[in-house]
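Please walk me through this structure in the viewer, one selection at a time. Tell me what to pick next and what is there.

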Amino acid sequence: MAFDYKKEYKEFYLPPKQPTLVTIPPMNFVAVQGKGDPNEPDGEYQAAMELLYGIAFTIKMSYKGSHKIDGYFEYVVPPLEGLWHQAGVDGVDYAHKETFEWTSMIRLPEFVTKAEFDWAVQEAATKKRKDFSKAEFFHYDEGLCVQCLHLGPYDSEPETLRQMDAFAEAQGYEVDFAARRHHEIYLSDPRRTAPEKCKTVLRHPIRKK
């Protein structure tokens with residue numbers, strides 16, 4: 001049976017609907033950075049999806065080709081994630097999505113080294129005849145966070161975030177966006193899921209007051 005990160009690491013991908021504190025270990029991702037409203041049909045965000053999944057599935061299906069990756073195991077591609085930032089804003093301002101600066105990303109299995117990642121970029125570019133150079137091998141050490149499972153449309157996230165931040169403050173912490181970002185993990189496909197049923201992991205970095 002293929003390894004499934006959501007099932008094996010439920011504390012990171014399937015948290016409760018009440019805020020909790022969690023320490024996230026360092027992880028590697030395939031990532032694409034960009035700017036602008038993610039809902040623009042032909043915007044940077046939509047273009048990033050093709051790059052991310054192109055590389056993610058090149059690595060996943062590599063065992064069927066001649067290139068063998070040391071330590072490879074069959075796995076389910078982890079869910080799409082996003083780090084979000086807006087200049088001069090602590091957290092997110094959903095009323096001005098055009099000002100978003102984002103890092104869209106998919107977790108890489110532990111066996112994917114930088115060298116194997118570079119191979120996958122080249123392989124995807126050759127097979128799809130497309131430029132994959134915007135995709136990067138991204139190491140993120142997130143550390144201590146408050147997180148919560150948000151159920152509903154993305155635009156209703158602010159209320160969940162307020163509950164998270166209030167919970168963290170009650171525990172003696174405050175949000176810390178100095179070097180880390182508002183983080184979302186998308187457990188539902190919005191193209192196939194009703195907005196009220198969408199599940200999203202929300203995460204804010206925190207530090208002791």
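**Aromatic pairs.** Start with the rings of this predicted model. A search through the whole structure turns up 18 aromatic pairs. For one of them, select Y72 and F111: the ring centres are 5.1 Å apart and the planes stand at 55 degrees, so the pair is tilted. Y72 belongs to the loop between α3 (44-60) and β3 (80-85), while F111 belongs to the loop between β4 (101-107) and α4 (114-128), so the pair ties together parts that are 39 residues apart in sequence. F111 has a relative accessibility of 9% and counts as buried.

Now extend the selection to F3, Y5, Y9, F12, Y63, Y72, F73, Y75 and F111, which ring pairs link into a cluster. Two of these rings also have a charged side chain over them. Add K60, which lies over the face of Y75 at 5.6 Å from the ring centre. Then add R107, whose charged end sits over the ring of Y9, 5.2 Å from its centre.

**Y13.** Next, select helix α2 (residues 10-13), where Y13 is found. Is Y13 buried or exposed? With 1% relative accessibility, Y13 counts as buried. Show its surroundings: leaving out residues up to four places away in sequence, Y13 touches Y5, K6, M27, P79, E81, R107, I185, L187 and V201. Two of these names have come up already, since Y5 is in the ring cluster and R107 has its charged end over Y9. For a distance across the model, draw a line from the C-alpha of Y13 to that of R180: the two residues are 167 apart in sequence and 19 Å apart in space.

**Helix α4.** Select residues 114-128, which form α4. This helix has 15 residues and reaches 21 Å from its first C-alpha to its last, close to the 21 Å expected at 1.5 Å a residue. Colour its buried residues, which are E116, F117, W119, A120, V121 and A124. What do the buried residues of α4 pack against? They pack against β2 (27-35), α3 and β5 (136-140).

Step past the end of the helix to R129, which lies in the loop between α4 and β5. Its phi is near 50 degrees, a positive value in a residue other than glycine. Most residues other than glycine have a negative phi. R129 counts as exposed, at 80% relative accessibility.

**Helix α5.** Move on to residues 157-170, helix α5, with 14 residues and a reach of 20 Å from first C-alpha to last, close to the 20 Å expected at 1.5 Å a residue. Which residues of α5 are buried? They are E157, T160, L161, M164 and A168. These cover an arc of only 100 degrees around the axis, which puts them on the same side of α5. Turn the view to the other side of α5, where R162 and A170 are exposed.

Show the strands as well: the buried residues of α5 pack against β6 (143-151), β7 (173-175), β8 (182-186) and β9 (199-208). Just after the helix, select G172, which takes a positive phi of about 95 degrees.

**E98.** Select E98 in the loop between β3 and β4. With a relative accessible area of 49%, E98 is partly exposed. Apart from neighbours within four places in sequence, E98 is in contact with G36 and D37. Its C-alpha is 21 Å from that of E50, a residue 48 places away along the chain.

**The whole protein.** Finally, zoom out and show the cartoon. How many helices and strands does the secondary structure come to? There are five helices and nine strands, and along the sequence they follow the pattern α-α-β-β-α-β-β-α-β-β-α-β-β-β. The radius of gyration is 17 Å, close to the 17 Å that the globule rule gives for 209 residues, so the protein is as compact as a globular protein of that length. Along its principal axes the C-alpha trace spans about 55 × 35 × 35 Å.

Two totals round off the view. Of the 209 residues in the protein, 47% are buried. Among contacts between residues at least 6 apart in sequence, 76% join residues at least 24 apart.

Technical notes
Residues numbered from 1 in each chain as written. Predicted model: local features only at pLDDT ≥ 70, side-chain atom pairs only at ≥ 80, totals over all residues. Heavy atoms only, no water. Phe/Tyr/Trp six-rings, centres within 6.5 Å; stacked < 30°, edge-to-face > 60°. Helix = DSSP H or I, 4+ residues; strand = E, 2+ residues; numbered from the N terminus. Buried < 20%, exposed > 50% of the residue type's maximum accessible area, 1.4 Å probe, protein only. Lys NZ or Arg CZ within 6 Å of the ring centre and 35° of its normal. Expected span 1.5 Å × (residues − 1). Arc of directions from axis to C-beta. Contact = heavy atoms within 4.5 Å. Rg over C-alpha atoms; globule rule 2.2 N^0.38 Å.
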